[in-house]
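User: Please take a close look at one part of this structure and at what packs around that part. I would like one connected account, with the cut-offs stated.

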Amino acid sequence: MDAQSQVKSLIDSSQNILIAPGQQALDDSLSSALALLFTLRKMGKNANILIEKIPENFQFLANLEPFSSRDFVISIDGSEKEIGEMRYEKNEKGLKIYLALNKGKISEEDVSFLTFSQNPDLIITLGIKSSEDLSSYRAPILNIDNQPLNENFGEINLIETTNSLAEISVNLIKTIEPELISGNIATCLLTGIVCASQNFR
């Protein structure tokens, strides 16, 4: 099985996915990480980015809360459903969430829960040379990088020294599901390519 097929199989079998952008060449790695985040969420995955704060100059790509180990995520499978309205009621006894559906119905099987203090099913790294910063997690790693000194620490390593991280991510998303590259995903990928190529110079 080639690397791209292995990647598709690994992502298909994972539900809770953590994306870790590297701090070196942050513009390329963060743009690519956001593109993968939106792609995975479109696929119905529970995905988040491991970053303390999204820089101000990247807020136009996504208005996201930073990752927190205290986050608790309630995820609802929205395929063949249309959620029209959401409201919640909070009191001293707890919290109730109300969903009004325009189409379809929700069953117990459609609802999943995730706390990111638990280990994710998969970690995707972008532009990270070694896995030292991820030692607290126990999950398979998809290692995406363009640095020649990368330590190949992942279960799968996509190392392409002649391409930007955004270009590698484009090829990866095409392998998973080509029609997903549109809207904010395409904008993130283009931003990464523009930054990495210094406006195509």
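Analyst: Helix H1, residues 3-12, has three buried residues: Val-7, Leu-10 and Ile-11. Buried means under 20% relative accessible area, exposed means over 50%, and partly exposed is in between (1.4 Å probe, protein chains only). Helices (H or I, at least four residues) and strands (E, at least two) are DSSP runs numbered from the N terminus. This is a predicted model, in which local features need pLDDT of at least 70 and side-chain atom pairs count only at pLDDT 80 or more, while totals for chains, interfaces and linings use all residues. Residues are numbered from 1 along each chain as its sequence is written, and side-chain values use heavy atoms, with hydrogens and water left out.

Why do Val-7, Leu-10 and Ile-11 lie on the same side of H1? They cover an arc of only 95 degrees around the axis, so they share one side of the helix; the arc is that of the directions from the helix axis to the C-beta atoms. An α-helix has 3.6 residues a turn, so residues three or four places apart point the same way.

The cover over the buried residues of H1 includes helix H2, strands S7, S8 and S9, and helix H3 (165-176). Contact here means heavy atoms within 4.5 Å.

Of these elements, S8 can be followed in detail. Strand S8 spans residues 141-145, and five of its five residues are buried. Ile-141, Asn-143 and Asp-145 are buried on one face, and Leu-142 and Ile-144 on the other, so both faces of S8 are covered. In a regular strand the side chains alternate between the two faces of the sheet. Leu-142 links S8 back to H1: among its contacts beyond four places in sequence are Val-7 and Ile-11. Leu-142 also touches Leu-122, Ile-123, Ile-124 and Thr-125, as well as Ile-156, Leu-158 and Leu-172.

S8 has a parallel partner in strand S7 (residues 122-126), with four bridges between them; two strands pair if DSSP finds at least two bridges between them. Along this pairing, Thr-125 stands opposite Asn-143 and Leu-126 opposite Ile-144. S8 also pairs with strand S9 (residues 156-159), again in the parallel sense and over four bridges, and there Leu-142 has Ile-156 as its bridge partner.

S7 is likewise mostly covered, with five of its five residues buried. Leu-122, Ile-124 and Leu-126 lie on one side of S7, Ile-123 and Thr-125 on the other. S7 also pairs in the parallel sense with strand S1 (residues 16-21), over five bridges, and Ile-17 of S1 stands opposite Leu-122.

Several of these residues also appear in the largest nonpolar core. Such a core is a set of buried Ala, Val, Leu, Ile, Met, Phe, Trp, Tyr and Cys residues joined through side-chain atoms within 4.5 Å. It has 37 residues, and those that touch the most other members are Ile-19, Leu-34, Leu-36, Ile-124, Leu-142, Ile-144 and Leu-172. Helix H2 (residues 26-42) gives the most to this core, with nine residues. Another core, of nine residues, lies apart from it and includes Leu-18, Ala-20, Ile-123 and Phe-153.

Two loops join this set of strands. Gly-127 lies in the loop between S7 and S8, and at 8% relative accessibility it counts as buried. Beyond four places in sequence, Gly-127 contacts Gly-22, Ile-144, Asp-145, Gln-147 and Leu-165. Gly-127 and Leu-165 are 38 residues apart in sequence, with their C-alpha atoms 7.2 Å apart. In the loop between S8 and S9 sits Asn-152, which is partly exposed with a relative accessible area of 46%. Asn-152 has a positive phi of about 50 degrees although it is not a glycine.

As for the setting of H1 in the whole, the protein chain has four helices and nine strands, in the order α-β-α-β-β-β-β-β-β-β-β-α-α. Of its 201 residues, 40% count as buried. Among contacts with a separation of 6 or more, 54% are between residues 24 or more positions apart.
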